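Work through these exercises with the model open beside you. Try each task before reading its solution.

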Amino acid sequence: MNKLEIVNLTKTYKHKNANENISLTLNSGVYGLLGPNGAGKSTLMKQLATITTPSSGKILYNEKDIVSLDDEYRALVGYLPQDFDAYKNFKAREFLMYMAALKGMNNSEAKKKVDELLKLVGLYEVRNKNVSKFSGGMKRRVGIAQALLNNPKILILDEPTAGLDPQERTRFRNLLSNIGTETIVILSTHIISDIESVAKETIMIKDGKLLLKGTHREILEDMKGKVYTITTKNESEVNEIQRNYKVVSINRGVEDTQLRIISDKAPSYENTKLTEPRFEDVYMFYFELEDAREV
Ligand SMILES: Nc1ncnc2c1ncn2[C@@H]1O[C@H](COP(=O)(O)OP(=O)(O)OP(=O)(O)O)[C@@H](O)[C@H]1O
């Protein structure tokens, strides 16, 4: 069994609820945590990683409260914080060996694991280079490697793909699909395509509250009948549509302009077509345009 239960979790900072009454059950597999800035993703992850304690509610691992499991629980967790920064004066391998020692691994076990992970994240060739010389994406990969040192049963990754280039992102996705089978992986991101390709379920939060949790297919099913394309040659119509609807994208062609919009009711413009929802539409439906544009 590998089960995390989050029960009515609330975290209050001063007078603000960063998380409010969140209840979720998670089993092995990859979960994508999606939400705009300030939604409460990092706060939820910090509580799962025991970096911060809940104001109320509880977290159970295999039916036991993680507070009472204490170090036994921590030994099962790998965590990549959002603001992860490897100690700059360390070389990559040296840093991972140091982290392995902190996690209580013996030297020969650590050497084997560190080299394995350096290869896995594609940093083996540069293992003896100073982390300070690394790009943002390479530093992130060091962070991912340190989170994997103890073969975690629960892997918490706060924006793991921030700063990764497309090639690094693909490598990361492949890596995740290999570890996801026996580990509970929770990853937060603003990048919808990360979630589309690796997550078995998506958890969406906004203003600290759980909006929905479901498989890709379930979430898209809910959006059916709400996404339309409108094609027009009339620029004032384009402006009017932008004022009145949630617009996911605008394609300006030579002849005409096509808008992709979200609406509960069919718009009455001449060239309107109901279309199949995509994940970016879901994001747009629940969150705001500025975030959707980051995709
Ligand atoms: N230590 C803290 N003290 C006070 N308020 C905090 C603290 N940490 C988070 N908050 C507030 O709690 C809310 C949720 O923050 P959190 O960092 O969890 O969001 P997030 O979804 O991870 O955002 P982002 O995508 O920008 O990282 C925000 O309003 C934030 O300002």
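The exercises go from the whole chain to its sheet, its loops and its ligand.

This is a predicted model, in which local features need pLDDT of at least 70, side-chain atom pairs count only at pLDDT 80 or more, and totals for chains, interfaces and linings use all residues. Residues are numbered from 1 along each chain as its sequence is written, and side-chain values use heavy atoms, with hydrogens and water left out.

**Exercise 1. The whole protein**

Task: Describe the overall make-up of the protein, then its domains.

Solution.
- Step 1. Take the secondary structure. The protein has twelve helices and 14 strands. Helices (H or I, at least four residues) and strands (E, at least two) are DSSP runs, numbered from the N terminus.
- Step 2. Take the extent. The C-alpha atoms fill a box of roughly 70 × 45 × 35 Å along the principal axes.
- Step 3. Take burial. Of the 295 residues, 48% are buried. Buried means under 20% relative accessible area, exposed over 50%, and partly exposed in between (1.4 Å probe, protein chains only).
- Step 4. Take the domains. The assignment gives domain 1 (3–220) and domain 2 (225–276). Such bounds come from an automatic or database domain assignment. The C-alpha centres of the two domains lie 39 Å apart.

**Exercise 2. A four-stranded sheet**

Task: In what order do the four strands of the open sheet stand? Trace the pairings one by one.

Solution.
- Step 1. Fix the rule. Two strands pair if DSSP finds at least two bridges between them.
- Step 2. Start with β1. Seven bridges join β1 to β2 in the antiparallel sense. Five bridges join β1 (residues 4–13) to β4 (residues 56–61), again antiparallel.
- Step 3. Use Ile6 as a marker. Ile6 stands opposite Leu24 in β2 and opposite Ile59 in β4.
- Step 4. Add β5 (residues 64–65). β4 and β5 pair antiparallel over two bridges. Tyr61 stands opposite Lys64 in β5.
- Step 5. Assemble. The order is β2-β1-β4-β5, with antiparallel pairing. β2 and β5 are the edge strands, each with a single partner, so one side of each has no neighbour in the sheet.
- Step 6. Check the turn. The β4 and β5 hairpin has two residues between the strands, and Asn62 there takes a positive phi near 45 degrees.

**Exercise 3. Loops and a long-range pair**

Task: Find the positive phi values outside glycine at Lys14 and Asn151, and place each residue. Then examine Thr52 and Ile192.

Solution.
- Step 1. Recall the background. Most residues other than glycine have a negative phi.
- Step 2. Look at Lys14. Its phi is near 50 degrees. Lys14 sits in the loop between β1 and β2. Lys14 counts as exposed because its relative accessibility is 80%.
- Step 3. Look at Asn151. Its phi is near 45 degrees. Asn151 lies in the loop between α6 (136–148) and β7 (154–158).
- Step 4. Turn to Thr52, in the loop between α1 and β4. Thr52 counts as buried because its relative accessibility is 15%. Its side chain makes a polar contact with the side chain of Lys11 (3.2 Å). A polar contact is a pair of N or O atoms within 3.5 Å; within protein, one must be able to donate a hydrogen and the other to accept it, and residues adjacent in sequence count only if both atoms are side-chain atoms.
- Step 5. End with Ile192, in helix α8 (residues 192–198). Ile192 is buried, at 2% relative accessible area. Ile192 and Glu280 are 88 residues apart in sequence but 6.8 Å apart in space, C-alpha to C-alpha.

**Exercise 4. The ligand shell**

Task: Which residues come nearest to the ligand, and how much of the ligand does the protein cover?

Solution.
- Step 1. List the residues. Of 14 around the ligand, Lys16, Gly38, Lys41, Ser42 and Thr43 come nearest. A residue counts as near if one of its heavy atoms lies within 4 Å.
- Step 2. Find their sources. β2 (16–26) and α1 (41–48) each supply at least two shell residues. The largest share, three residues, comes from α1.
- Step 3. Sort by type. The shell has four nonpolar, seven polar and three charged residues. Ala, Val, Leu, Ile, Met, Phe, Trp, Tyr, Cys and Pro count as nonpolar, Asp, Glu, Lys and Arg as charged, and the others, Gly among them, as polar.
- Step 4. Check the ligand's oxygen atoms. One is 3.3 Å from an N or O atom in the side chain of Asn37. An oxygen is 3.1 Å from a polar backbone atom of Ala39. An oxygen is 2.9 Å from a polar backbone atom of Gly40.
- Step 5. Find the cover. The protein covers 64% of the 630 Å² of accessible area that the ligand has on its own. Accessible areas come from the Shrake-Rupley method with a 1.4 Å probe; for residues, only the protein chains shown count as cover.
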